[in-house]
Amino acid sequence: MRPLRIAWTVYCKELVDALRDRRTLLTVLVSSVLMGPAVLVAISTLVASLEAGAERREIYVAGIEAAPTLRNYIERQTYTVREAPRDYERRLRKAELAEPVVVVPADFEAALRRGDAPVVEIVMDSANQRSQAGAARVERLLGGFNRERTAQMLALRAVSLDTLEPVQVEERDLASSQTRATQITGMLPYFVMMAVLYGALNAALDTTAGERERGSLEPLLMNPLARWVLVLGKWAAVASVAMLIAVLSSLSFLPGQWALRSDTLAAMFQYGGREAGMFLVVLLPFAAAVSALLMAVAIRCRSFKEAQASATVVMLAASLLPLINVFSLGSEEPWYLWVPALAQNVLMTHVLKGEALTPAQLVVPVAVCIVATVAGVWFVARHLRHAAVRG
């Protein structure tokens, strides 16, 4: 039991030092406690602004004076017709105008009387996401005007409208409300993983390269104890910080739901104790593996700054790997579960969708994290042993 007592002593010392560091403590508090409510508030604010724009039921039209028939239809649909500003194109490009603009030709009514089809433009800027989101709503409104005119013309000729639509088409969405919500909240797993990564980063670098730079690592190595015992205590402290951030981040979404400003999103985003628990099942092994890998990268560096530069590779890989799931447009391959960071992002997305995780889905990522943890701890212990021999 003596090696375990030594490892426990090292663990307590490193953990106290890590939490004394204001930079680490600030990272823990900001990235975990405040992250959940902040992200949810930002998302719900965006959704609420889009909903508010839809509830105003306003439509901007240029040249509406040439189309009294169209104005009558729009107003009967309880929309308010607004005159488009003269410089609407410039304002759309600069995102100063959040709604698309309908451009009506001057001969609109004359073309309708002749039986021609006047060209009505819906002007928006695809880089202006709010105007792009409103374009579909305006297109549906104009489509209703077309159907009404067609029905009137056919009724005058005693022709049933069903002759033009022999088949009725109806959509049936198989996605649940939680699944639809992930189209908006699907970024939450990414933020949680980044919080765990940056929380482990400072502690991992400080307990390895930081101690070497301060000159406190070499005296520690002069003690007659097995290197794996020393490394085990250090790794446990770093992993504890990372796991603490994982716990606080996962739990922060529970009170964070109270800050949702969109009723629609609040009804769709179902995150409770079960979801928080499943997040932790996925995140805790990942936090342990990341801590070991960051220590393995930093132990070879002579200074804290050099270790930060070297750890950038790990951070970059962990931030880019989840994007594979984004680029695949939702389709998942079996090998995703074998890739750290990507596997965690995929599994947490399943949790947000309300899907149960099977043991087969959990075994592979957990096993990969265990192997990465053991390899990282072994590498650090081996490096310290060789450093002591050279010294």
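A residue counts as buried when its relative accessible area is under 20%. The model examined here is predicted. In this model, Cys301 has a relative accessible area of 3%, so Cys301 is buried. Cys369 is buried as well, with a relative accessible area of 3%. A search of the whole structure returned 0 disulfides.

Burial also marks a whole helix. Helix α16 spans residues 342–352, and 11 of its 11 residues are buried. The helix is therefore largely enclosed by the rest of the structure. Its buried residues include Leu342, Gln344, Asn345, Met348, His350 and Leu352. Just after α16 comes Gly354, which takes a positive phi of about 85°.

The nonpolar cores were examined next. In soluble globular proteins, nonpolar side chains tend to be buried together. The largest nonpolar core in this model has 70 residues. Leu188, Phe279, Phe286 and Leu294 have the most contacts inside this core. Several helices each supply at least two of its residues, among them α3 (35–56), α9 (188–214), α11 (227–256) and α17 (359–390). Helix α16 is also one of these suppliers. The largest share, 15 residues, comes from α13, a helix that covers residues 273–298. Phe279 shows how distant parts of the sequence come into contact. Neighbours within four places in sequence aside, Phe279 is in contact with Val192, Ser250, Tyr271, Met348, Val351 and Leu352. Of these partners, Met348, Val351 and Leu352 are buried residues of α16.

Apart from this core lies another, of 17 residues. Its members include Ala67, Val104, Val138 and Phe145.

Leu142 was examined separately. This residue lies in helix α7, which runs over residues 129–156. Leu142 has a relative accessible area of 13%, so Leu142 is buried. Its contacts, leaving aside neighbours within four places in sequence, are Leu70, Val102, Val120 and Ile122. Leu142 and Tyr73 are 69 residues apart in sequence. In space, their C-alpha atoms are 9.2 Å apart.

Nonpolar residues also appear at the surface. Leu316, Leu320, Leu323, Val326 and Phe327 make a nonpolar surface patch of about 500 Å². Two elements, α14 and α15 (323–327), give two or more residues to the patch. Helix α15 gives the most, with 3 residues. Leu316 belongs to helix α14. At 47% relative accessibility, Leu316 is partly exposed.

Charged pairs complete the description. Side chains of opposite charge can pair when their charged atoms come close. The structure holds 13 salt bridges. In one of them, Glu58 pairs with Arg82, and the closest N and O atoms are 3.2 Å apart. This pair links distant parts of the chain, 24 residues apart. Glu58 sits in strand β1 (residues 58–62), and Arg82 in strand β2 (residues 80–83). Glu58 is buried at 17% relative accessibility, whereas Arg82 is partly exposed at 37%.

Another salt bridge joins Arg90 and Asp87, with the closest N and O atoms 2.6 Å apart. Arg90 is partly exposed, with a relative accessible area of 37%. Asp87 is partly exposed at 31%.

Arg93 forms a salt bridge with Glu89, and here the closest N and O atoms are 3.8 Å apart. The two residues are 4 residues apart in helix α5 (residues 88–93), so about one helical turn separates them. Arg93 is exposed at 60% relative accessibility, while Glu89 is partly exposed at 41%. Elsewhere, salt bridges that share partners join Lys13, Glu14, Glu211 and Lys234 into one network.

Note on methods. Residues are numbered from 1 along each chain as its sequence is written. This is a predicted model: local features need pLDDT of at least 70, side-chain atom pairs count only at pLDDT 80 or more; totals for chains, interfaces and linings use all residues. Side-chain values use heavy atoms; hydrogens and water are left out. Buried means under 20% relative accessible area, exposed over 50%, partly exposed in between (1.4 Å probe, protein chains only). A disulfide is a pair of cysteine sulfur atoms within 2.5 Å. A nonpolar core is a set of buried Ala, Val, Leu, Ile, Met, Phe, Trp, Tyr and Cys residues joined through side-chain atoms within 4.5 Å. Contact means heavy atoms within 4.5 Å. Patches are made of residues with over 30% relative accessible area and no salt bridge: like charges are joined within 9 Å, nonpolar side chains (Val, Leu, Ile, Met, Phe, Trp, Tyr) within 5 Å. Accessible areas come from the Shrake-Rupley method with a 1.4 Å probe; for residues, only the protein chains shown count as cover. A salt bridge is a side-chain nitrogen of Lys or Arg within 4 Å of a carboxyl oxygen of Asp or Glu.
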